[in-house]
Amino acid sequence: MSDHTWGVLSNQAITAAGVVYFLALLCALVEWSSWLSRAKATAATKELVGAGAPADEAVATDPADDVREYRAALFGRLSLMLTAIAVVCHLVALVARGMAADPNRVPWGNMYEFTISGSFVVAAAYVVLYRRLKLAWMAPWVLGFTVVVLMLAVVGLYEPVAPLTEALNSYWLVIHVIAAIIATGGFTLGGIASAAYLLKSRFPDATLLARVPELEALDRVSYRIHAFAFPVWTFGVLISGPIWAHDAWGSYWNWDPKEVWAFITWVVYAGYLHARATAGWKGKKAAIVALIGLATLWFNFIGINYFSSTSQHSYAAPAAPAVVELISQGASQ
């Protein structure tokens, strides 16, 4: 296959992934609505019993409960299956993107590629941890996030395939970025659990949140995901990152804006884990700190590229003539 064909395959695969993610989101919303219907029926039953109606009679007034349960289970399985298919399409898009470059490379040369890689890790981590951490309730959150991020990447960040810049052409880039992407996906999932905790604690009786687990389960899931992501982030930004910086620029630390904000993110999450382990911070306080850490993480990822003109972490493609030449070469093959 020619470079041009690989590039076309990558674009088609990322489009297919976006469509299938959206279909999975629709299925997840149907599942969620079924749970809401069950929650409303349960609340109505409790009101009838409280009003003096016999319990057997109150339960019998809702014969469609089994139908709701079946529909929720069916669309939940369908949503998971579609998400897994979308993750495979997403992976194909990433592999094809790297194969489209000459020479072949990892698909992390610009913001578009890093964005679709990060969203892939979020979705893939959700599928992998679905049963282990019982994340079925998280489907609309994860899928909605992934669809929005992919849409923004394709519409606002897309760049043609181009060779890596000299600073990025290093095997330490692979090590550094793999760690950073995995940690970013983990922190994002943990942040979703923390946000759900704050909503559930603020509106404990809200029917809309009936699908969300109890507060203790949310707190536990959030902590376990953060506890996994933090050492990966530590390796990515404090070990492999400085080694790559020395290899690329001759210095382990350059006070680059992305380096500084990556360290700020590390400090916030270190404080989160330390406060939980020593001061017994759990629940609402821990969730707030986790969301602060997530905010610094995504500001570092997106904001620095727009608000700083001095960062050495350039995810832009090489000069336009090189891009045009690459496209013309691919089209002629």
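**Briefing: a predicted all-helix chain**

Among the elements of the protein chain, helix 10 (residues 320–332) has the lowest mean pLDDT, 39, while helix 5 (residues 139–157) has the highest, 93. The pLDDT is below 50 over residues 316–333, a stretch that still has 21 contacts in the model beyond near neighbours in sequence. The model is predicted, and the protein chain averages a pLDDT of 83, with 83% of the residues scoring at least 70.

**Overall make-up**

- The protein chain has 10 helices and zero strands, which gives the pattern α-α-α-α-α-α-α-α-α-α when read along the sequence.
- Of the 333 residues of the protein chain, 47% count as buried.
- The exposed area of the protein chain is about 16,200 Å², and carbon and sulfur atoms supply 67% of that area.
- Taking contacts between residues at least 6 apart in sequence, 81% join residues at least 24 apart.

**Annotated transmembrane regions**

- An unreviewed UniProt entry lists eight spans under "transmembrane region": residues 12–30, 78–99, 111–129, 141–158, 170–199, 225–245, 260–279 and 286–307.
- One of these listed spans is residues 170–199; in the model this span is 97% helix and 0% strand, and its end C-alpha atoms lie 43 Å apart.
- Residues 225–245 are also among the listed spans; here the chain is 100% helix and 0% strand, with 28 Å between the end C-alpha atoms.

**Nonpolar cores**

- The largest nonpolar core has 61 residues, and Y21, Y126, W137 and M138 are those with the most contacts inside it.
- At least two residues of this core come from each of helix 1 (3–50), helix 3, helix 4 (111–129), helix 5, helix 6, helix 7 (215–249) and helix 9 (284–307).
- Helix 1 gives the most to this core, with 11 residues.
- This core lies between domain 1 (1–46 + 67–164) and domain 2 (166–313), because both domains give residues to it.
- W137, one of the residues with the most contacts inside the core, touches W32, A193, A196, R211, V212, P213 and L218, not counting residues up to four places away in sequence.
- Another core, of 19 residues, lies apart from the largest one; F187, V232, Y272 and A290 are among its residues.

**Residue H90**

- H90 lies in helix 3 (residues 65–99).
- The relative accessibility of H90 is 0%, so H90 counts as buried.
- Leaving out residues up to four places away in sequence, H90 touches I14, A17, Y21, I116, S119, F120 and L150.
- Y21, in that contact list, is also one of the residues with the most contacts inside the largest nonpolar core.

**Residue Y197**

- Y197 is placed in helix 6 (residues 171–202).
- With a relative accessibility of 12%, under the 20% cut-off for burial, Y197 counts as buried.
- Beyond its neighbours within four places in sequence, Y197 is in contact with L215, L218, D219, G283, K284 and A287.
- Y197 and L218 are 21 residues apart in sequence, with 5.9 Å between their C-alpha atoms.
- L218 is a contact of Y197 and is touched by W137 as well.

Conventions. Residues are numbered from 1 along each chain as its sequence is written. This is a predicted model: local features need pLDDT of at least 70, side-chain atom pairs count only at pLDDT 80 or more; totals for chains, interfaces and linings use all residues. Side-chain values use heavy atoms; hydrogens and water are left out. Helices (H or I, at least four residues) and strands (E, at least two) are DSSP runs, numbered from the N terminus. Buried means under 20% relative accessible area, exposed over 50%, partly exposed in between (1.4 Å probe, protein chains only). Contact means heavy atoms within 4.5 Å. pLDDT is the predictor's confidence in each residue, from 0 to 100. UniProt positions are given in the numbering used here, feature names are shortened, and annotations may be inferred rather than shown by experiment. Accessible areas come from the Shrake-Rupley method with a 1.4 Å probe; for residues, only the protein chains shown count as cover. A nonpolar core is a set of buried Ala, Val, Leu, Ile, Met, Phe, Trp, Tyr and Cys residues joined through side-chain atoms within 4.5 Å. Domain bounds come from an automatic or database domain assignment.
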